[in-house]
Amino acid sequence: MTDASDTITISIPEGMCADLDRACRDRGIAPDELALDVLCEFLHAQRQERWSKIFAYGERRARDLGIKREDVERLIEEYREEAKTAQK
């Protein structure tokens with residue numbers, strides 16, 4: 001079974017075409033494989049950056065609210081109990 005995929009077309013400067021061809025030939029891979037590898041690395045870095053910002057925000061909010069690590073499990077449990085009560 002193959003993965004579903006979409007096709008996109010990109011334009012690159014002529015000078016880069018020769019460099020791309022050489023790099024692919026040296027590695028024994030097709031240009032689309034190299035492009036996919038690079039894109040995957042870029043998207044992974046973007047996700048990491050996004051999560052880092054989310055965690056930093058959470059840490060700032062916790063600090064501003066005076067919440068410590070040891071408070072987290074208790075606060076989650078309290079929230080869940082309040083949510084259950086509110087649903088009744």
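Which helices each supply at least two residues of the lining of the largest pocket? Keep that in mind as you look around this predicted model.

**First stop: the largest pocket**

Select Ile10, Pro31, Asp32, Ala35 and Leu36. Of the 15 residues that line the largest pocket, these five sit closest to its centre. The space you are looking into has a volume of about 600 Å³.

Now colour helix H1 (14-27) and helix H2 (31-65). They answer the opening question, since each of them supplies at least two residues of this lining. With 7 residues, H2 gives the most.

Next, try colouring the lining by residue class. You should find 11 nonpolar residues, 1 polar and 3 charged.

**Second stop: the second largest pocket**

Stay with H2 and move along to the next selection: Gly58, Glu59, Arg61, Ala62, Leu65, Ile67, Lys68, Arg69 and Val72, which line the second largest pocket. Two elements give two or more residues to this lining, namely H2 and helix H3 (69-87). Show both as ribbons, with the lining side chains as sticks.

How many residues of this lining come from H2, the source of its largest share? The count is 5. As for space, about 270 Å³ lies in this second largest pocket.

Colour by class once more. Here the lining divides into 4 nonpolar residues, 1 polar and 4 charged.

**Last view: H2 on its own**

Finish by selecting H2 and turning it slowly. This helix gives 7 residues to the lining of the largest pocket, and it also provides 5 residues to the lining of the second largest pocket.

How values were computed: Residues are numbered from 1 along each chain as its sequence is written. This is a predicted model: local features need pLDDT of at least 70, side-chain atom pairs count only at pLDDT 80 or more; totals for chains, interfaces and linings use all residues. Side-chain values use heavy atoms; hydrogens and water are left out. On a 1 Å grid over the protein atoms alone, a cavity is a set of points where a 1.4 Å probe fits but cannot get out, and a pocket is an open set with protein on both sides within 12 Å along at least five of seven lines; lining residues have an atom within 4 Å of a point. Grid points are joined across faces, edges and corners, and a volume is the space filled by probe spheres set on the points. Helices (H or I, at least four residues) and strands (E, at least two) are DSSP runs, numbered from the N terminus. Ala, Val, Leu, Ile, Met, Phe, Trp, Tyr, Cys and Pro count as nonpolar, Asp, Glu, Lys and Arg as charged, and the others, Gly among them, as polar.
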